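The following exercises invite the reader to examine a structure step by step. Each task is followed by a worked solution.

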Amino acid sequence: MAVSTFMKCLSVIAAGMAFGTAASSLHAQAPGTSFKDCPDCPEMVVAPAGNFLMGSVNPYVPEYEKPQYRVTIARPFAIGKYEVTQAEWMAVMGENHSNYPGPRRPAEGLSWTEAKEFVRRLSMKTGKQYRLPTEAEWEYAARAGTNFDFLLSNDAVELDRYAWNVQNSGKQTQPVGGKAPNAFGLYDVIGNVYEWVQDCYIDSHRGAPADGSAVPETPNCPRTVKGGSHYGVPRNLRPADRGRLEPDRYDGTLGVRVARTLP
């Protein structure tokens, strides 16, 4: 084969490979698609751009869940299909101090500081931009297009179908993925463990960003947790519910679900 012909063949093959890679990359970022950046990395789901009403208008919920306001998520992002498991935590951190051992149970007993270190190391391991979700991203992904008090309705009657809580968990964490997912395909967004988010805690949604970003940092601020836990009662198992904890606080109800910025 002539050199020029051979080089043309190589160019065609390279172009085809580049196109295939690009197509694969685009496909991987389609809303609803799940992917993993390494065999022992958390499985991620692509959440679409969109907008939603954050917080609650229910007159019986605490004032720190109000006022309800519209948030716009301008770009798709990826969020963990499951809470980070103990096997995934071990693969990155090299240790596991969870109170309820099990490779598919959520890593718990985690402080916000430890959760931040996990996403830092995971980013270094994969070369991708892992991070904690913002509170708005978390609630947007948890609601998945709904605006109910609870995940699927305004009545707690369906909690048993999708949430591990004090009434069905035996007061301990359970393996992730054992309950029904939400409409985005995320499991255990309500119950099992509380999930740390990036935001500094503020006492209400007044003045909170409307673009899905985190509340601006202030020195030594308390942090926000979302989602309720295996020890939670129904009133705490709602997307709008939010908790305030110091960043170095840890106990068996605290875990994490990671987010990843997409190109």
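**Exercise 1. Identify the residues around the largest cavity and describe them by class.**

Solution. The model under study is a predicted one.
Step 1. The residues that line the largest cavity are Met54, Tyr69, Glu135, Ala136, Asp199, Ile202, His205, Ala208, Pro209, Ser213, Val215 and Arg242.
Step 2. Sorted by class, this lining comprises 7 nonpolar, 2 polar and 3 charged residues.
Step 3. The space inside the largest cavity amounts to about 60 Å³.
Step 4. Searching the whole structure yields 1 cavity of 30 Å³ or more.

**Exercise 2. Determine how many residues of helix α4 are buried, and state what follows the helix.**

Solution.
Step 1. Helix α4 spans residues 135-143.
Step 2. The cut-off for a buried residue is a relative accessible area under 20%.
Step 3. In α4, the buried residues are Glu135, Ala136, Glu137, Trp138, Glu139, Tyr140, Ala141, Ala142 and Arg143. The count is thus 9 of 9, and the helix is mostly covered.
Step 4. After α4 comes Ala144, which has a positive phi near 50°.
Step 5. Glu135 and Ala136 of the helix also belong to the lining of the largest cavity.

**Exercise 3. Describe the largest pocket by its volume, its lining and the classes of its lining residues.**

Solution.
Step 1. The volume of the largest pocket is about 190 Å³.
Step 2. Its lining consists of Ile73, Ala74, Arg75, Pro76, Phe77, Arg131, Thr134, Glu137, Asp211, Gly212, Ser213 and Thr261.
Step 3. The lining divides into 4 nonpolar, 4 polar and 4 charged residues.
Step 4. Ser213 is among the residues lining this pocket, and Ser213 also lines the largest cavity. Glu137, another residue of the pocket lining, is one of the buried residues of α4.

**Exercise 4. Establish how helices α2 and α3 are arranged relative to each other.**

Solution.
Step 1. Helix α2 covers residues 86-93 and helix α3 covers residues 112-126.
Step 2. Their axes come within 9 Å and cross at roughly 70°.
Step 3. Angles of 65 to 115 degrees count as roughly perpendicular; α2 and α3 are therefore roughly perpendicular to each other.
Step 4. The crossing in which α2 passes α3 is left-handed.

**Exercise 5. Is Pro103 buried or exposed, and where is it found?**

Solution.
Step 1. Pro103 lies in the loop between α2 and α3.
Step 2. Its relative accessible area is 57%, and Pro103 is exposed, the cut-off being over 50%.
Step 3. Pro103 and Thr85 are separated by 18 residues in sequence, while their C-alpha atoms are 6.4 Å apart in space.

Definitions and conventions:
Residues are numbered from 1 along each chain as its sequence is written. This is a predicted model: local features need pLDDT of at least 70, side-chain atom pairs count only at pLDDT 80 or more; totals for chains, interfaces and linings use all residues. Side-chain values use heavy atoms; hydrogens and water are left out. Buried means under 20% relative accessible area, exposed over 50%, partly exposed in between (1.4 Å probe, protein chains only). Helices (H or I, at least four residues) and strands (E, at least two) are DSSP runs, numbered from the N terminus. On a 1 Å grid over the protein atoms alone, a cavity is a set of points where a 1.4 Å probe fits but cannot get out, and a pocket is an open set with protein on both sides within 12 Å along at least five of seven lines; lining residues have an atom within 4 Å of a point. Grid points are joined across faces, edges and corners, and a volume is the space filled by probe spheres set on the points. Ala, Val, Leu, Ile, Met, Phe, Trp, Tyr, Cys and Pro count as nonpolar, Asp, Glu, Lys and Arg as charged, and the others, Gly among them, as polar. Axes are lines fitted to C-alpha atoms, for helices over the stretch in contact, and angles run from 0 to 180 degrees between N-to-C directions. Angles under 35 degrees count as roughly parallel, over 145 as roughly antiparallel, 65 to 115 as roughly perpendicular and the rest as oblique. A crossing is left-handed if the near helix is turned anticlockwise from the far one by less than a right angle, and right-handed if clockwise.
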